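Got your viewer open? Let's take a short walk through this model, one selection at a time.

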Amino acid sequence: MSGAKTTSSPRREVSRTLGRCTLPIEPRASTPPLRAMRGRGARAHGVIVALSLTLATAAAAGPDEFGYCTVCHGTNGNGNAAIHAPKLAGLPPWYVRAQLDAFRAGWRGTAAADGPGREMQPVAAALADEPTLARAVAYVTTFAPRAPAPTVRGDTARGATLYAPCAACHGATGAGNETLGAPALVGQSDWYLVAQLVNYRDGRRGTYADDAHGAAMRALALGLDDAAIVDLVAYVDSLANGAAAPPASPPAQ
């Protein structure tokens, strides 16, 4: 198969090439969010092979130019928890562009322990010029968002207290604030919010001096242990359309 190589060793490597960038890809197991963030884990090699092949052929302009995004993020851009691909549907254009710029600048997706980010970084880097970036952002905004089902269970009363400093930027209802560069939290998959808070806390994101927004998030996340992250995200879940979060239970380990 062009662009892929497999071996019989415990670690199956698939080389994906974008321009001159070739990355080793490991299989990823489907595990609870916090456990997935702690270990190196394995990545879904079959999906990455498909992404590699699609990238190699997605040169034509038009609706299919960025169709490879759906290989990981889903046909309608609503994410795929099994391979840790976040929901893109419903993200505002300014935030999509900001994150593509962050990946291209190396602010995101360069930490050794950030497997999903390391997969996304070369994809963003392949968007070589302003017209291509603009078309990519426009493509993402065509996805129709669906409300994700809550998967995080925690103490929402404690989460409400923990959310208080978050409201200064993300708003009391979690709707976000473009002026402050703060995205909406309500409507995003809760497992992804957990994963990103862990990334900020553990230094996989928000460590670059030029990344002011990331640095602010990291400063807040440093004070959160695993249980606090779960409780905070469970409260964000409860903000979505006034729906209650799932009953409290111990955080995923």
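**Stop one: an aromatic cluster**

Select tyrosine 68: its relative accessibility is 8%, so it counts as buried (under 20% relative accessible area with a 1.4 Å probe, protein chains only; over 50% is exposed, in between is partly exposed). Before going on, note that this is a predicted model, where local features need pLDDT of at least 70 and side-chain atom pairs 80 or more, while totals for chains, interfaces and linings use all residues. Residues are numbered from 1 along each chain as its sequence is written, and side-chain values use heavy atoms, leaving out hydrogens and water.

Now add phenylalanine 66, buried too at 4% relative accessible area. Its ring centre sits 6.3 Å from that of tyrosine 68 with the planes at 65°, so this pair is edge-to-face (rings of Phe, Tyr and Trp, the last by its six-membered ring, pair with centres within 6.5 Å; planes under 30 degrees apart are stacked, over 60 edge-to-face, the rest tilted). Next, select tyrosine 139: with phenylalanine 66 it makes a tilted pair, 6.1 Å centre to centre and 45° between the planes. Phenylalanine 66 is in the loop between helices H2 (45–57) and H3 (69–73), and tyrosine 139 is in H6 (residues 130–140), so the pair ties together parts 73 residues apart in sequence. Helices here are DSSP runs of H or I, at least four residues, numbered from the N terminus. Add Phe143 and you have the cluster that ring pairs build from Phe66, Tyr68, Tyr139 and Phe143.

**Stop two: helix H10**

Jump to residues 226–239, which are H10. Twelve of its 14 residues are buried, so the rest of the structure largely encloses this helix.

Technical notes: Helix = DSSP H or I, 4+ residues; strand = E, 2+ residues; numbered from the N terminus. Expected span 1.5 Å × (residues − 1).
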